[in-house]
Amino acid sequence: MKKDKAHLVAFIGVMFALIFVLFMLEGALSIVAGISTCVLSLPVAIALSVYDDWKNSFIGGTLLGVSSCIFCLIFGMAVYANPLVAVLPRLIMGVVAYWTYFGLSKLFDRAKRRYFREVFPASIAAVAGTLTNTVLYILAIGVFVDKSIMGVGAQLMQIAVAIYFPIEIVASFALVPVYVAVMKRVGNRYVVKKKPAEAVESASDVGSGEQ
């Protein structure tokens, strides 16, 4: 089997739109109610980073970072739109999550229980990705955000991220395995296409089953 590039691009486009809408929703809530947890967009971004091979491990985090940049520019938070603050931590997040998922999947490949073969690696990868995102994001704010411009704003942002971190951990731990399973099913159906020989064999199997 091989990947249909057109469908892969379309799939990534749809996922970017989903992440963007979710991030904007979360951002709007943060402005209205002071809630800034990425309990919706972050799990989707991590799942997108780990569900496929390593070549795509940077995609989910990058899309989340780009959404963050756009949000900051729209809502007058340009100091946080710096790609070194908004994008780089999320890109690294996706790579860390992928290799955590890959390593645990290999480790538990022969486990009898489906939970350890599929769910547990995705959940721990989600925790690793969320931890990476939070730590690197706070460090990036401290290094790249000018304190003379932000005043206490940068410190408040760091405190807010630290407070909401446990909520994001729980949400990612619970949701990423579900999202990974869905993305694999969708990807196998729409993104990966069979070679001609495999298609003929599959059609033959179907015909034999109907007789």
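**Helix 3 against helix 5**

I began with the handedness of the crossing of helix 3 and helix 5, and it is right-handed; a crossing counts as right-handed if the near helix is turned clockwise from the far one by less than a right angle, and as left-handed if anticlockwise. I took helices as DSSP runs of H or I with at least four residues and strands as runs of E with at least two, numbered from the N terminus. Helix 3 covers residues 59–74 and helix 5 residues 88–107, and they pack at an angle of about 160° with their axes 7 Å apart. The axes are lines fitted to C-alpha atoms, for helices over the stretch in contact, and the angles run from 0 to 180 degrees between N-to-C directions. Helix 3 and helix 5 are therefore roughly antiparallel to each other; that word is for angles over 145 degrees, while under 35 is roughly parallel, 65 to 115 roughly perpendicular and the rest oblique.

Which residues meet here? On the helix 3 side I found Gly 61, Thr 62, Leu 64, Gly 65 and Ser 68, and they meet Arg 90, Leu 91 and Met 93 in helix 5. Contact means heavy atoms within 4.5 Å. I sorted the residues of this contact into three nonpolar, four polar and one charged. In that sorting Ala, Val, Leu, Ile, Met, Phe, Trp, Tyr, Cys and Pro are nonpolar, Asp, Glu, Lys and Arg are charged, and the others, Gly among them, are polar.

**A note on the model**

I am working with a predicted model, where local features need pLDDT of at least 70 and side-chain atom pairs count only at pLDDT 80 or more, while totals for chains, interfaces and linings use all residues. Residues are numbered from 1 along each chain as its sequence is written, and side-chain values use heavy atoms, with hydrogens and water left out.

**The chain as a whole**

I listed nine helices and two strands, running β-α-α-α-α-α-α-α-α-β-α from the N terminus on. Of the 211 residues in the chain, 38% are buried; buried means under 20% relative accessible area, exposed over 50% and partly exposed in between, with a 1.4 Å probe and protein chains only. Among contacts with a separation of 6 or more, 73% join residues 24 or more positions apart.

**Helix 2**

Is helix 2 mostly covered or mostly open? Helix 2, residues 41–50, is mostly covered, with ten of its ten residues buried. The buried residues include Pro 43, Val 44, Ala 47 and Leu 48.

I then followed helix 2 to helix 5: their axes come within 8 Å and cross at roughly 60°. That makes helix 2 oblique to helix 5, and this crossing is right-handed. From helix 2, Leu 42, Ala 45, Ile 46, Ser 49 and Val 50 meet Met 93, Gly 94, Ala 97, Tyr 98 and Tyr 101 of helix 5. The residues of this contact come out as eight nonpolar, two polar and no charged.

**Helix 5 against helix 6**

Helix 5 and helix 6 pack at about 155°, with their axes 8 Å apart. They are therefore roughly antiparallel to each other, and helix 5 passes helix 6 in a right-handed crossing. I noted Val 96, Thr 100 and Leu 104 among the helix 5 residues that make the contact, and Ala 125, Thr 132 and Leu 136 among those of helix 6. The residues of this contact divide into 15 nonpolar, five polar and two charged.

Tyr 137 lies in helix 6, residues 114–144, and is buried at a relative accessible area of 9%. Its C-alpha is 7.4 Å from that of Ala 86, and the two are 51 residues apart in sequence.

**Two phenylalanines**

Phe 173 sits in helix 8, residues 153–191, and is partly exposed at 33% relative accessibility. Leaving out residues up to four places away in sequence, I found Phe 173 touching Tyr 115, Ser 123, Ile 124, Ala 126 and Val 127.

Phe 75 is in the loop between helix 3 and helix 4 (83–86), partly exposed with a relative accessible area of 38%. The C-alpha atoms of Phe 75 and Gly 27 are separated by 9.1 Å, at 48 residues apart along the chain.

**Cysteines**

How many disulfides does the structure hold? I found zero, a disulfide being a pair of cysteine sulfur atoms within 2.5 Å. The sulfur of Cys 69 has its closest cysteine sulfur in Cys 72, 6.8 Å away and so too far for a bond. Cys 69 is buried with a relative accessible area of 12%, and Cys 72 is buried with 3%.
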